Amino acid sequence: VAVLGTEKGNDTESRIRHNFGMARPEGYRKARRIMELAGRFGLPILSFVDTAGAFPGIEAEARGQAEAIARSIEACLEAPVPFVATIIGEGGSGGAIALASADRILMLEHSIYSVISPEGCASILWRDASEAPTAAEAMKLTAEDLLRLN
C-alpha cells in the first residue's frame with residue numbers, strides 16, 4: 001500500500017517542528033507524486049489526516065499553495081486504485097480535503113471534518129468569531145453528525 005499522513009506533534013517542540021500539521025505546497029506536491037506512483041503500481045492508498053488546514057503563510061502562497069492543493073485534490077479523485085482516507089483528529093479546510101478526497105472516508109469518533117473552521121465560519125456569517133460554538137453546531141462537522149447525514 002501507499003501511505004500518506006500528516007503529523008501534528010504531541011508536545012510544543014514537536015508541534016513546532018511539524019508546523020502543527022499544516023503542510024506547505026511541497027507537501028501537497030509530494031502527496032500527489034505518491035498517489036500517482038501508487039496508481040502506476042496498482043497500490044491501494046491509505047491516508048491519515050490530522051490538520052487544521054494548509055500552512056497560511058505568504059511564502060506558501062508565493063510558492064503556489066492553492067495550485068498544489070487543487071492538483072492534490074485532482075490526484076485523489078483520479079486515483080485508479082482504491083483510496084481510503086481516515087480523519088484521525090482534525091480534518092480542516094482545503095488542506096485536509098487535498099489528502100482525503102477518497103473513495104471511502106473514515107473518521108475516528110471524536111474527529112472533525114470541515115471545509116472551514118467554526119471560527120472562520122462565524123467570522124464570515126456573523127462577523128464575530130465568538131459565535132464559533134453556534135457555527136460548529138450548524139456546520140455538523142463531527143463524525144456522528146456526518147454519519148447521520150450520510
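A nonpolar patch of about 430 Å² lies on the surface of this predicted model and is made by Val1, Val3, Phe48, Ile88 and Leu108. Patches here are built from residues with over 30% relative accessible area and no salt bridge, nonpolar side chains (Val, Leu, Ile, Met, Phe, Trp, Tyr) being joined within 5 Å and like charges within 9 Å. Accessible areas come from the Shrake-Rupley method with a 1.4 Å probe, and for residues only the protein chains shown count as cover; a salt bridge is a side-chain nitrogen of Lys or Arg within 4 Å of a carboxyl oxygen of Asp or Glu. One of the patch residues, isoleucine 88, sits in strand 3 (residues 83-92) and is partly exposed, with a relative accessible area of 37%.

The model is predicted, and local features need pLDDT of at least 70, side-chain atom pairs count only at pLDDT 80 or more, while totals for chains, interfaces and linings use all residues. Residues are numbered from 1 along each chain as its sequence is written, and side-chain values use heavy atoms, with hydrogens and water left out.

Helices (H or I, at least four residues) and strands (E, at least two) are DSSP runs numbered from the N terminus. Helix 5 (residues 93-100) is mostly covered, since six of its eight residues are buried, where buried means under 20% relative accessible area, exposed over 50% and partly exposed in between. The buried residues of helix 5 are Gly94, Gly95, Ala96, Ala98, Leu99 and Ala100, and they pack against helix 2 (25-41), strand 2 (45-51), helix 4 (65-78), strand 3, strand 4 (104-107) and strand 5 (112-114), contact being heavy atoms within 4.5 Å.

In helix 6 (residues 118-125), Pro118, Cys121 and Ala122 are buried. Seen down the axis of helix 6, these buried residues fall within an arc of 100°, so they line one face of the helix; the arc is that of the directions from the helix axis to the C-beta atoms. Helix 7 (132-139) is included in what covers the buried residues of helix 6.

Most residues other than glycine have a negative phi, and the table gives residues with positive values.

| Residue | Phi | Place |
|---|---|---|
| Asparagine 19 | near 55° | loop between helix 1 (12-17) and helix 2 |
| Serine 93 | about 65° | helix 5 |
| Arginine 127 | about 55° | just after helix 6 |

Asparagine 19 counts as buried at 12% relative accessibility, whereas serine 93 counts as partly exposed at 30%.

Notes: Buried means under 20% relative accessible area, exposed over 50%, partly exposed in between (1.4 Å probe, protein chains only).
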